[in-house]
Amino acid sequence: MTDEPQSSSPDKEPASEEQAGRTALGNTERAESATTPGGHEQRPTLGRLFLENLWAANTFTVTLLSLVLAMIVGAILMIVSDPDVLATYAYITARPSDAINASWTLVSEAYANLFKGSVFDPAANSFNSALSPISETLTYTAPLVFTGLSVALAFRGGLFNIGAQGQATMGVILAALAGFLLPLPPGLHLLVAVLAGALGGAIWGFIPGILKARTGAHEVINTIMLNYIAVYFLTWLIVQSGVQDPNRTDAISRSVDTSAQLPRLFGDGLRAHAGILLAVLATWAVAWLLNRSTLGFELRAVGANPDAARTAGISVTRTYVLIMVFAGALAGLGGSQMVLGTTAAALTPLVVAQIGFDGILVALLGRVKPWGVALAALLFGALQAGGNRMQSYSGISLELVTVLQALIVIFIAAPALVKAIFQLRAARAARLQTSLAKGW
């Protein structure tokens, strides 16, 4: 009898490592030769990948197109709200050039003044005039960075901090009281006033934090109520003896001593102050806290899934309290900028303006990421600074600038709408990020 041929089935006799290697190599070579004419793989260049993904639905493209959409809708609102320009559309079929020219003049001048009031004025004839637009932008930006970081930090921890307005109000109260009640030397006085502002916000953040942790009370309700308490407390405090300006009969406090005021960056003629440097430092600190520290990991874990974090041994109660304390301290620092900087030197019922509520928009626009929040605050600061010039030179109402801000947030918050309007394709994020990591 002749021996039967040995079966090559792997179930009966496993192939050796050498045979398996040769088989895998052969399959790879055949696949490459089938897909590439020359037998060699041709990887797309970094530039080609960038161009392919430029019109994809990535974060940068959606944000940029959201700004474009907001400006287009804003331009339409400008035209509709101007009676002189609107009158030219009554005879547009007879002379369409009148309507087009009038609309272009109105919109182009408005947006040109927005740029000149927030970034740079080409017609500036002095150093102060040239730096004035960016100085105003930085002045408006500084407090928004802090309140935006406050909302973003709480959101990353699973909490919705609506109380940044109240925390900023308590921060401005304690900062101002330290600024005109404590007789301290210049450097120490400023440090104590800034820390007092952070302490005021931290205390006001601790209250909803401990209530959430101990009783489960919803932070949204608690922070909204605390906003009202802070505002009415400020209104009551201003008119008290020792706080109210003795030379005034209206609701205004004594002025903060010059030793407790933040130094100006570009001299006395411009309003930009060192608060913007503190804002950059705070942004870096929050980014480090979230991404590099153990506490940041616990914070993000609790925000993602509190039950799983508790099972893993993380104290959810402690984390909730710390989140709101840190968020309150950041908002309090933002409030202190309003009285220790150049916006005001004394307490008034409206000294905080709307920086706490604007901080919610800034946090959402920055996608609750620290550096994104800083850039969003810079954009909002530019809109506020440029809006003042738009109102003065172009006759555009300041409320329209607020509408422009709201439109930007709406479009960015609804990426599906932007994708549908511009027919964006899905972004190949993983492939692009891998290529960028290798090439850059």
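**Entry 1: two helices side by side**

I began with H15 and H16, which are roughly antiparallel to each other. This is a predicted model, so I read each value below as computed from a prediction. H15 covers residues 370–394 and H16 covers residues 398–413. I looked up their packing angle and found about 150 degrees, with the axes 9 Å apart. Angles over 145 degrees count as roughly antiparallel, which is why H15 and H16 get that label. I also noted the sense in which H15 passes H16: the crossing is right-handed.

Which residues make the contact? On the H15 side I listed Leu379, Phe380, Leu383, Gln384, Gly387, Asn388, Met390 and Gln391. On the H16 side I listed Leu398, Val401, Leu404, Gln405, Ile408 and Val409. Sorted by class, this contact has nine nonpolar residues, five polar ones and no charged ones.

I remembered a rule that helps when reading such lists: an α-helix has 3.6 residues a turn, so residues three or four places apart point the same way.

**Entry 2: H15 from end to end**

I counted 25 residues in H15. From its first C-alpha to its last, H15 reaches 35 Å, close to the 36 Å expected at 1.5 Å a residue. Just after the helix comes Gly395, and its phi is positive, near 70 degrees.

**Entry 3: what touches H16 from helix H3**

Next I moved to helix H3, residues 59–81, where I found Ser66. Is Ser66 buried or exposed? Its relative accessibility is 0%, so Ser66 counts as buried. I then left aside its neighbours within four places in sequence and looked at what remained in contact with Ser66: Ile408, Phe411, Ile412 and Val418. Ile408 was already in my notes, as one of the H16 residues that contact H15.

Ala70 is found in H3 too. Ala70 is buried, because its relative accessible area is 0%. With neighbours within four places left aside, Ala70 is in contact with Leu404, Leu407, Ile408 and Phe411. I also looked up how far Ala70 is from Gln405: they are 335 residues apart in sequence, yet 8.1 Å apart in space, C-alpha to C-alpha.

**Entry 4: H8 with H13**

Another helix pair caught my eye: H8 (residues 186–215) and H13 (residues 316–340). Their angle is about 150 degrees and their axes are 6 Å apart. The crossing of H8 and H13 is right-handed. By class, their contact has 15 nonpolar, eight polar and two charged residues.

I checked the span of H8 as well. Its 30 residues should span 44 Å at 1.5 Å a residue, and the end C-alpha atoms are 44 Å apart, so the two values agree. After H8 comes Gly216, with a positive phi near 80 degrees.

**Entry 5: Gln165 and Ala353**

Gln165 is found in helix H7, residues 164–181. Gln165 counts as buried because its relative accessibility is 6%. What does Gln165 contact, leaving aside neighbours within four places in sequence? I wrote down Asn227, Val352, Ala353, Gln354, Ile355, Gly356 and Phe357. Of these I picked Ala353 for a distance check: Gln165 and Ala353 are 188 residues apart in sequence and 8.9 Å apart in space, C-alpha to C-alpha.

Ala353 itself lies in the loop between H13 and helix H14 (355–365). At 40% relative accessibility, Ala353 counts as partly exposed. I stopped at its phi, which is near 55 degrees, a positive value in a residue other than glycine. Most residues other than glycine have a negative phi.

**Entry 6: Val368**

I found a positive phi at Val368 as well, about 50 degrees, although Val368 is not a glycine. Where does Val368 lie? I placed it in the loop between H14 and H15. Val368 counts as buried because its relative accessibility is 13%.

**Entry 7: the whole chain**

Last, I stepped back. I counted 18 helices and zero strands in the chain. Of the 440 residues in the chain, buried ones make up 43%. I also looked at contacts between residues at least 6 apart in sequence: 74% of these join residues at least 24 apart.

Notes:
Residues are numbered from 1 along each chain as its sequence is written. This is a predicted model: local features need pLDDT of at least 70, side-chain atom pairs count only at pLDDT 80 or more; totals for chains, interfaces and linings use all residues. Side-chain values use heavy atoms; hydrogens and water are left out. Axes are lines fitted to C-alpha atoms, for helices over the stretch in contact, and angles run from 0 to 180 degrees between N-to-C directions. Helices (H or I, at least four residues) and strands (E, at least two) are DSSP runs, numbered from the N terminus. Angles under 35 degrees count as roughly parallel, over 145 as roughly antiparallel, 65 to 115 as roughly perpendicular and the rest as oblique. A crossing is left-handed if the near helix is turned anticlockwise from the far one by less than a right angle, and right-handed if clockwise. Contact means heavy atoms within 4.5 Å. Ala, Val, Leu, Ile, Met, Phe, Trp, Tyr, Cys and Pro count as nonpolar, Asp, Glu, Lys and Arg as charged, and the others, Gly among them, as polar. Buried means under 20% relative accessible area, exposed over 50%, partly exposed in between (1.4 Å probe, protein chains only). The expected span of a helix is 1.5 Å times one less than its number of residues.
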